[in-house]
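Visitor: Please take me through one part of this predicted model in close detail. I would like the loop and its surroundings in one connected account.

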Amino acid sequence: MRLFTVSTLLLFFFSSGLALQIQCYQCEEMTHDCSTPDFIVNCTVNVQDMCQKEVLVKEDGIHYRKSCASSGACLIASSGYQQFCTGKLNSVCITCCNTPLCNGPRQKKRPSPSAGVALSTTWLPVFSLYVLLSSALC
C-alpha cells in the first residue's frame, strides 16, 4: 500500500505541470545588451534548459546574441569558441548558464548569506515532496 501511495504521489508530482522551464533573454545581432523585459522568452520545457549569450566584437562595436539552448549544444558551442574569446576585434565569446535570466547583465556580487540555511523557491517543491513522502511512509 505504501509503494502504491508513493508511486501515485510521484506520478502526480511529475505530471502536474511542475516541469522545469527557464526564462532567458533572446535577441539576434543587437548592438545593445537587450536585457529588458521586451526580450524575455519562456524556453521549451525540459528541452532548452540553459540560457546562452554570445558577445561578438566587430568593427562597428559589440554585438549580442542571446537565446535559450539545450545544455549539450550550449556547452559544445562555448567550448568550441573558447580560443576565439579574446576581447579583441573579431572576438566571439559564448557563455552558458542555467538560472532564470542569467544571460542578462552581470549581477553585482551579493554578500554571502550567514550560516543559516534558507530554502530557495527552486527547491521548495522538492522539499515539500520530501516532507509529504516522509509522512506517507511513516
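Guide: Thr 99 sits in the loop between strand 6 (92–97) and helix 3 (124–137). The model is predicted. Thr 99 counts as partly exposed, because its relative accessibility of 44% falls between the 20% and 50% cut-offs. Leaving aside residues up to four places away in sequence, Thr 99 touches Ile 22, Gln 23 and Cys 51. Take Gln 23. Along the chain, Gln 23 and Thr 99 are 76 residues apart, yet 8.1 Å separates their C-alpha atoms.

Now the other two partners of Thr 99, Ile 22 and Cys 51. Both belong to the largest nonpolar core. That core has 6 residues in all: Ile 22 and Cys 51, plus Cys 24, Cys 43, Cys 68 and Cys 97.

Follow Cys 24 next. Cys 24 touches Cys 43, Cys 51 and Cys 68, again not counting residues up to four places away in sequence. Its list also takes in Phe 39, Ile 40, Val 41, Met 50, Ser 67, Leu 101 and Asn 103.

Strand 4 (residues 50–58) is the last stop, with Glu 54 in it. Glu 54 is buried, because its relative accessible area of 13% is under 20%. The side chain of Glu 54 makes a polar contact with the side chain of Gln 52, at 3.2 Å. Beyond four places in sequence, Glu 54 touches His 63, Tyr 64 and Arg 65, as well as Cys 93 and Ile 94.

Conventions. Residues numbered from 1 in each chain as written. Predicted model: local features only at pLDDT ≥ 70, side-chain atom pairs only at ≥ 80, totals over all residues. Heavy atoms only, no water. Helix = DSSP H or I, 4+ residues; strand = E, 2+ residues; numbered from the N terminus. Buried < 20%, exposed > 50% of the residue type's maximum accessible area, 1.4 Å probe, protein only. Polar contact = N/O pair within 3.5 Å; in protein donor to acceptor, adjacent residues only side chain to side chain. Contact = heavy atoms within 4.5 Å. Core = buried A, V, L, I, M, F, W, Y, C linked by side-chain atoms within 4.5 Å.
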